[in-house]
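User: Please take a close look at a single part of this model, the second largest pocket, and describe what surrounds it.

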Amino acid sequence: MFNKNFKKSLIILVACLMLALVVFAACDQTDKFTPVVTDGISGQTVEDNGGIAVKYGDYIYYVNGFFGDADNSYTNTIRAGAIVRVKATDLDAIIALNDEDLSSSEKTERIEAAVKEKVQLVVPCFYFSANETNPDLAGIHIFGDRLYITTPNQSLTDGGQKMYNQLVLESYKLDGSDRKQHLVIAGEDWSTDTSKTELLLSEVNGEVYATYVLDDKLVSAKASDASTKVIAEEITNVTFDKANNAVFFMDEEGQICQFNVGASEHKVLVAKVDTE
């Protein structure tokens, strides 16, 4: 896990990056995204997976602040909410600039220049989740050689409206290429707002799963083929155990249950006692 000094440094960096690079205007659609050079990195250690910032090998991948508009174009323009990366050593050097004996404007100039030089755009589409109940479940995930995020649905209704209220699970190679849409988190009606959905993303036996609760149902979805399975209905008191890839809940009969990600069904931990 990242230490407190790293998290403080990252907050400063994000603030500086917002000043230097965020563009809130609509993007030029001809500005086609160019993947970054990754030197074929793979099999690196991942730290703080699922956080707003994830360390993978020598790099920090993080969310560039909050998105400023609903433009989710796949272009080279850095916008708030896009995923960027910076080498951990470069991050330390940028943060060190903040401690130099300079005026506020001079610090800002030097930090902005360093950010422009060192920070790379990796995923141009913006990350989004309105889940404030369990922020530990919201963030960037790296499994294998792919980076996973949730982003608003760009599909249109029959009336031509974009369904931004629905979350979509997407993944990319670590250089930002090979964009794939895996799953749309949708209710029975297209207008159902799923943006606040608590979503546990896990890798079990090489398979990526999305586990979430929607309309009081516990759903397990497989990213590789978008297949979904309702594990239990009319559930309450849900607790996600991110560390152990498990979900605890109370079923409609009042029994305490556990579902392990990747399993075909849940199990009852504490059965209801008949008092009659």
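Analyst: The pocket comes first, then the strands that line it.

This is a predicted model, in which local features need pLDDT of at least 70 and side-chain atom pairs count only at pLDDT 80 or more, while totals for chains, interfaces and linings use all residues. Residues are numbered from 1 along each chain as its sequence is written, and side-chain values use heavy atoms, with hydrogens and water left out.

The second largest pocket has a volume of about 190 Å³. A pocket here is an open set of points on a 1 Å grid over the protein atoms alone, where a 1.4 Å probe fits, with protein on both sides within 12 Å along at least five of seven lines. Grid points are joined across faces, edges and corners, and the volume is the space filled by probe spheres set on the points.

Lining residues have an atom within 4 Å of a point. For this pocket they are Val184, Ala186, Gly187, Glu188, Tyr212, Leu214, Asp215, Lys217, Val219, Thr228, Lys229 and Val230. By class, six are nonpolar, two polar and four charged. In this division Ala, Val, Leu, Ile, Met, Phe, Trp, Tyr, Cys and Pro count as nonpolar, Asp, Glu, Lys and Arg as charged, and the others, Gly among them, as polar.

Strand 11 (207–214), strand 12 (217–222) and strand 13 (228–233) are the elements that give two or more residues to the lining. Strand 13 gives the most, with three residues. Strands are DSSP runs of E, at least two residues long, numbered from the N terminus.

These strands also pair with one another, where a pair needs at least two bridges found by DSSP. Strand 11 and strand 12 are antiparallel and share six bridges. Leu214 has Lys217 in strand 12 as its bridge partner, and both residues belong to the pocket lining. The two strands form a hairpin with two residues between them. Asp215, in that turn, has a positive phi of about 55°; Asp215 is also one of the lining residues.

Strand 12 is joined to strand 13 by five bridges, again in the antiparallel sense. Here Ser220 has Lys229 of strand 13 as its bridge partner, and Lys229 is in the lining. The hairpin of strand 12 and strand 13 has five residues between the strands, and Ala226 takes a positive phi near 65° in this hairpin.

Definitions and conventions:
Helices (H or I, at least four residues) and strands (E, at least two) are DSSP runs, numbered from the N terminus.
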